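Please look through the sequence and the structure shown here before reading on. The report that follows moves from the whole chain to particular residues.

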Amino acid sequence: MKLEETSFYGVDSVISAEVLNANGRQQRLIAEGGTLTLSEGNSRLRCWPLHIVRIKTDLSGGGVSVEAGGETLAWSCADERARLALTQLAAAAHGAPAGPPSDAALAALLEDAEPDDTDAERRVQRLAERLARLDALNVGGMLAAATEGGGAQLAAALEAGGVAGSALSARLARLETLTRAAPAALHARSGAARADAAARALLVELHEIYEWLDAPALKDLDSLSEISLASSEGRARALSAAEALRSALHGERTAPPARLRLGAVRERLRRLARARDALAAALARHLNNALIHLANEAHAPAAPRRRHHADLQPYEPFMRWLKDMDEKAHEGLVKVYVGTWSRVYEREVHAACEAARAALAHAPPARVDDLLDEVLTLVESICNAEQDFCTQFFHLDVDTKGEGGDGERSEKSDGGERADARRAAGEARRLRAELFPALEHELVALVAHVERSEPYGAMRALACVGRRVLGEGGEAGAAGAAGEAGEARWARAALAAVAVAAKRGADRAVADRLAALPDAVKQAARKPKCGILSFIPELEEMSAVCEEIFARGRRADLDRWYLSLATAMLRAIQQAEHPRTPRAVVQLENFHRLHACVSALRVPALDALRRDARARYNDALRQYVTQYFGRPLEKLAQFFEGVGEAVAAGVREDEVCYRAAFSKHELRRLLALYPAPEVRKSLHRLYRTVEKHLSEEGGLLQVVWRAMQEEFIAQHVALQARIAACYPGAGLALPLSTQDILDAFSDIAREH
């Protein structure tokens with residue numbers, strides 16, 4: 001047996017022995033895992049690979065020695081069993097193989113150097129000599145094994161190897177002879193293999209061409225145009241042939257150029273192209289007749305609405321095929337459909353608008369919304385149904401030029417998808433404009449009629465159409481969610497233009513009201529009393545009607561109209577004049593009414609205007625009271641003005657009475673000029689003047705009279721305080737007390 005095939009040192013267990021060194025210290029020798037370790041306590045002192053260690057246990061006195069790397073260590077061991085174990089370990093180490101060296105063995109080998117091995121070449125030479133000795137030992141072991149009984153087997157194996165080598169040499173010589181005699185023999189065999197491979201490749205190529213150009217559905221090319229498209233079986237057969245034609249002709253785009261150079265392939269492609277043209281012509285002719293026939297049936301009075309959608313739906317795959325294979329025929333069918341059905345829808349929408357106009361002539365204003373809703377619902381149902389049908393039937397959202405050769409949609413970037421979306425949207429708008437050319441005109445005319453037939457017709461039309469456009473009612477609200485996420489709905493696009501026209505009409509109605517403000521002022525000037533200008537009640541009426549009309553939307557437009565009207569009215573009232581009514585009365589009555597109207601609306605946008613109207617009303621009221629009430633005790637007021645000037649000049653209040661101009665006698669004379677009955681008469685005359693100025697519709701007579709009462713009391717209190725300060729103890733007083741004034745004003749108000 002060779003050394004490399006032995007187990008690792010034959011030591012499978014751990015051998016340990018307690019020893020004493022020369023200094024009498026107790027140490028331990030441990031053999032484990034192919035290494036010999038010297039330790040003392042918990043410290044490991046030395047470690048050697050077993051294959052470089054020589055252990056001797058036969059020393060005198062029970063001594064043990066370890067020789068490794070030119071170094072010899074000796075110990076004494078009193079344990080007989082330990083010495084026996086070390087003896088077995090020494091025997092195993094001497095017969096241990098030099099198998100695959102471990103890292104520890106390699107490290108020990110590098111450390112195993114003679115003291116004079118200072119040169120690397122000398123050390124390599126010494127290692128080579130050791131390797132030669134080991135090889136000699138290995139060969140010796142093999143020969144020893146052979147002499148013990150394995151030699152015969154080794155000789156037999158060597159003899160069998162020689163015989164096999166002789167046979168192989170003879171075969172090689174024969175092959176060389178044949179090669180010299182027929183040098184092309186090997187090439188002949190390789191040529192046959194190439195011919196076979198070529199034949200197989202040709203078969204595969206022919207099979208692919210057959211599957212490409214001779215599908216089972218293309219067996220009867222000449223009879224494709226004669227297939228009946230009226231039956232479901234005929235349509236299925238024609239569709240199968242059409243798809244096969246499409247696949248074959250599209251395959252030309254990706255076919256190898258060498259295949260396209262074959263004459264048979266080119267001829268087959270030409271024949272398929274002729275069959276495609278014949279089938280496209282037959283499909284176009286049949287669909288053209290079907291479209292015209294269905295349109296003629298739709299003109300009948302009792303014809304069901306949009307029955308043609310269900311009748312044309314089975315031909316949808318053929319329209320897809322035509323758009324891909326014969327775009328000219330596809331466009332021609334679209335024109336036929338648009339030309340025939342545009343007249344049908346124009347007649348239907350015109351009849352609905354005429355019926356609505358006739359009903360508006362006798363309908364109350366509250367019915368205007370219902371009549372307009374009926375027309376808009378019809379328009380929405382027509383537009384949405386046609387959009388869904390045309391998009392699906394004519395494949396408006398499919399771009400055949402941007403598709404792959406296999407008929408599937410190719411992957412595109414975001415920019416390409418946006419371009420396709422814009423193209424599809426443009427095509428849809430064009431088709432809608434051609435299919436409903438008079439739709440917007442009819443609806444705008446109906447809105448204009450509503451505007452003329454009712455004072456608030458423009459507002460009603462705007463609210464009704466606006467709800468449809470914004471998706472708050474009708475089919476636009478139900479189907480509009482899809483339009484918001486995807487393509488725009490035709491109904492919304494059509495009604496958007498109508499909403500613009502309605503908004504213009506409403507703005508025009510408001511503008512007319514603004515333009516009529518100066519005329520209202522001029523008209524009021526011809527009345528005996530100015531009273532409330534006519535545009536303020538009109539604003540109240542408009543707000544009541546419009547709040548009901550726009551209860552469900554378009555609040556911004558209404559608030560904008562309120563603001564523009566109220567602002568203009570504020571300016572008009574400020575500038576208004578009347579020949580027989582004081583300007584202050586015109587302003588206080590109309591500012592008060594305008595403030596009440598604006599406050600009732602509770603619109604945040606009008607808060608600033610409401611405060612402005614209130615301030616102007618207060619100013620006008622104060623101006624009127626000051627102007628017409630004045631100072632009923634005029635001479636007394638002038639007398640005490642002089643008293644006030646004297647006091648201001650430095651005269652003491654209790655000394656003013658000693659001046660001749662402000663004496664007690666002079667004050668008694670002036671008080672005698674204003675007896676209580678005379679004051680009451682002057683108040684009666686003042687009330688009649690106020691009553692003459694103010695109007696009944698303004699309702700401010702009592703308000704103004706109370707303001708005058710407060711003004712009179714304020715003057716009375718001031719005069720009484722001056723008398724008490726300047727003429728104390730003189731027994732002088734005004735002809736009326738404060739309570740007398742209150743009673744007088746109340747009695748006069750009750751009398752009138």
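In this report, a residue is called buried when its relative accessible area is under 20%, exposed when that area is over 50%, and partly exposed in between, with a 1.4 Å probe and only protein chains taken into account. This is a predicted model, in which local features need a pLDDT of at least 70 and side-chain atom pairs count only at pLDDT 80 or more, while totals for chains, interfaces and linings use all residues. Residues are numbered from 1 along each chain as its sequence is written, and side-chain values use heavy atoms, with hydrogens and water left out.

## The chain as a whole

The chain has 752 residues, of which 39% count as buried. It contains 26 helices and seven strands, where helices (H or I, at least four residues) and strands (E, at least two) are DSSP runs numbered from the N terminus. The chain exposes about 41,400 Å², and carbon and sulfur atoms supply 54% of that area; accessible areas come from the Shrake-Rupley method with a 1.4 Å probe, and for residues only the protein chains shown count as cover. A contact means heavy atoms within 4.5 Å, and among contacts between residues at least 6 apart in sequence, 69% join residues at least 24 apart.

## Nonpolar cores

A nonpolar core is a set of buried Ala, Val, Leu, Ile, Met, Phe, Trp, Tyr and Cys residues joined through side-chain atoms within 4.5 Å. The largest one has 179 residues, and those with the most contacts inside it are Met459, Phe535, Met708 and Tyr727. Beyond residues up to four places away in sequence, tyrosine 727 touches a list of residues that includes Phe639, Phe640, Val656, Cys657, Arg722 and Leu732. A second, separate core of 20 residues includes Val53, Val66, Ala82 and Ala85.

## Aromatic rings and a buried glutamate

Rings of Phe, Tyr and Trp (its six-membered ring) pair if their centres lie within 6.5 Å, and planes under 30 degrees apart count as stacked, over 60 as edge-to-face and the rest as tilted. The structure holds 12 aromatic pairs. In one of them, the rings of tryptophan 341 and tyrosine 345 have centres 6.1 Å apart and planes at 40°, so this pair is tilted. Both residues lie in helix α10 (residues 327-360), four residues apart, which is about one turn of the helix, and both tryptophan 341 and tyrosine 345 are buried. Ring pairs also link these two with Tyr337, Phe389, Phe393, Phe394 and Phe436 into a cluster.

Glutamate 386, found in helix α11, is buried, with a relative accessible area of 0%. Leaving aside neighbours within four places in sequence, glutamate 386 is in contact with His308, His309, Tyr337, Tyr345, Leu435, Phe436 and Trp490.

## Three loop residues

The table sets out three residues that lie in loops.

| Residue | Loop between | Relative accessible area |
|---|---|---|
| Histidine 395 | α11 (368-393) and α12 (414-435) | 9%, buried |
| Arginine 554 | α18 (535-549) and α19 (555-575) | 24%, partly exposed |
| Arginine 602 | α20 (583-601) and α21 (607-628) | 75%, exposed |

Most residues other than glycine have a negative phi. Histidine 395, although not a glycine, has a positive phi of about 55°, and the phi of arginine 602 is likewise positive, near 55°. As for arginine 554, its C-alpha atom and that of leucine 470, 84 residues apart along the chain, are separated by 9.7 Å. Apart from neighbours within four places in sequence, arginine 554 is in contact with Leu462, Gly466 and Lys503.

## A covered strand

Which residues of β3 are buried on each of its faces? On one side they are Thr35, Thr37 and Ser39, and on the other Leu36, Leu38 and Glu40, which leaves both faces covered. Two strands pair if DSSP finds at least two bridges between them. Strand β2 (residues 26-32) and β3 pair in the antiparallel sense over five bridges, with isoleucine 30 opposite threonine 37 in β3. Strand β3 also pairs with strand β4 (residues 43-49) in the antiparallel sense, over six bridges, and leucine 38 stands opposite arginine 46 in β4. β3 and β4 form a hairpin with two residues between them, and glycine 41 in the turn has a positive phi of about 65°.
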